[in-house]
Amino acid sequence: MKLGNIEVNFSYTDADDIARLEKGIDLVKNKTVELKSQEIKLSDAIRNECKVIEEFFDSVFGEGISKKIFKGKMDLKEHSELFIEVAEEKIKQTKGMQNIYNNLEYKSKYMPNREQRRHNKSKR
């Protein structure tokens with residue numbers, strides 16, 4: 001998977017990767033709520049939000065990845081866009097996996113297995 005120009009080892013179908021992603025998203029939600037309650041200058045608010053998003057990337061994709069991606073720049077738009085891209089991809093992949101599960105459930109429910117077909121054929 002690519003994050004900006006950086007290739008990372010991450011799969012939306014790997015349970016451990018998804019667990020880190022879910023934990024990271026919860027971290028961002030909780031810290032964002034906490035930060036909103038503070039009265040600080042806009043520049044500090046932007047810097048704090050960027051740090052939270054960087055913490056997310058480091059916890060999910062590996063320590064130090066945020067420095068490689070953002071190169072020390074504290075641009076909230078850049079940080080937010082990449083975070084949203086990852087979150088939207090998770091939603092897309094989750095829907096895709098749900099379709100696979102639905103197809104498997106349908107097939108297992110309505111299509112007899114090979115042994116049953118042979119047994120039914122031999123009865124004729």
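**Burial, helix packing and an aromatic cluster**

With a relative accessibility of 4%, Ser-66 counts as buried. The structure discussed here is a predicted model, and Ser-66 makes a handy way into it. This serine has its place in helix H3, which covers residues 65-70. Leaving out residues up to four places away in sequence, Ser-66 touches Glu-54, Phe-57, Asp-58 and Lys-71. Among these partners, Glu-54, Phe-57 and Asp-58 belong to the buried residues of helix H2. Lys-71 is another matter: its relative accessible area is 66%, and because the cut-off for exposed residues is over 50%, Lys-71 is classed as exposed. Lys-71 sits in the loop between H3 and helix H4 (76-110). The backbone is worth a look here too, as Lys-71 has a positive phi of about 50° although it is not a glycine.

It helps to set these details within the whole chain. Five helices and two strands make up its secondary structure, and their order along the sequence follows the pattern β-β-α-α-α-α-α. The chain has 124 residues, of which 25% count as buried. Taking the contacts between residues at least 6 apart in sequence, 60% join residues at least 24 apart.

One example of a link between distant parts of the sequence involves strand S2 (residues 6-7), where Ile-6 lies. The C-alpha atoms of Ile-6 and Lys-68 are 7.4 Å apart in space, while 62 residues separate the two in sequence. With residues up to four places away in sequence not counted, Ile-6 touches Met-1, Ile-65, Lys-68 and Ile-69. Of these, Ile-65, Lys-68 and Ile-69 fall within the residue range of H3. Ile-6 itself has a relative accessible area of 21% and is therefore partly exposed, given that buried means under 20%.

Attention now turns to helix H2. H2 runs over residues 42-61, and its 20 residues should span 28 Å at 1.5 Å a residue; the C-alpha atoms at its ends are 28 Å apart, so expectation and model agree. The 28 Å follows because the expected span counts one less than the number of residues. The buried residues of H2 are Glu-49, Cys-50, Val-52, Ile-53, Glu-54, Phe-56, Phe-57, Asp-58, Val-60 and Phe-61. After H2 comes Gly-62, with a positive phi near 120°.

H2 packs against helix H1 (residues 15-36), with the two axes 9 Å apart and at an angle of about 165°. Angles over 145 degrees count as roughly antiparallel, and H1 and H2 are therefore roughly antiparallel to each other. The crossing of H1 past H2 is right-handed. On the H1 side, the residues that meet H2 are Arg-20, Leu-21, Gly-24, Ile-25, Leu-27, Val-28, Lys-31, Thr-32 and Leu-35; their counterparts in H2 are Asn-48, Glu-49, Val-52, Glu-55, Phe-56, Ser-59 and Val-60. Several of these H2 residues, including Glu-49, Val-52, Phe-56 and Val-60, are listed as buried.

Phe-56 leads on to the aromatic residues. Seven aromatic pairs are found when the whole structure is searched. One of them joins Phe-56 and Phe-57, edge-to-face, with 5.0 Å centre to centre and 80° between the planes. A second partner of Phe-56 is Phe-61: their ring centres lie 6.4 Å apart and their planes stand at 85°, so this pair is edge-to-face. How accessible are these rings' residues? Phe-56 has a relative accessible area of 0% and is buried. Phe-57, at 0% relative accessibility, also counts as buried, and Phe-61 counts as buried at 13%.

The three phenylalanines of H2 belong to a wider group, for Phe-10, Tyr-12, Phe-56, Phe-57, Phe-61, Phe-70 and Phe-83 form one aromatic cluster. Phe-83 is the member placed in helix H4, and at 15% relative accessibility Phe-83 counts as buried. Along the chain, Phe-83 and Phe-56 are 27 residues apart, yet their C-alpha atoms are separated by 8.5 Å. Neighbours within four places in sequence aside, Phe-83 is in contact with Val-28, Ile-53, Phe-56 and Phe-57. Two of these contacts tie back to the helix pair described above, as Val-28 in H1 and Phe-56 in H2 are among the residues through which H1 and H2 meet. Phe-57 closes the circle, being in contact with Phe-83 and touched by Ser-66, the buried serine of the opening paragraph.

Note on methods. Residues are numbered from 1 along each chain as its sequence is written. This is a predicted model: local features need pLDDT of at least 70, side-chain atom pairs count only at pLDDT 80 or more; totals for chains, interfaces and linings use all residues. Side-chain values use heavy atoms; hydrogens and water are left out. Helices (H or I, at least four residues) and strands (E, at least two) are DSSP runs, numbered from the N terminus. Buried means under 20% relative accessible area, exposed over 50%, partly exposed in between (1.4 Å probe, protein chains only). Rings of Phe, Tyr and Trp (its six-membered ring) pair if their centres lie within 6.5 Å; planes under 30 degrees apart count as stacked, over 60 as edge-to-face and the rest as tilted. Axes are lines fitted to C-alpha atoms, for helices over the stretch in contact, and angles run from 0 to 180 degrees between N-to-C directions. Angles under 35 degrees count as roughly parallel, over 145 as roughly antiparallel, 65 to 115 as roughly perpendicular and the rest as oblique. A crossing is left-handed if the near helix is turned anticlockwise from the far one by less than a right angle, and right-handed if clockwise. Contact means heavy atoms within 4.5 Å.
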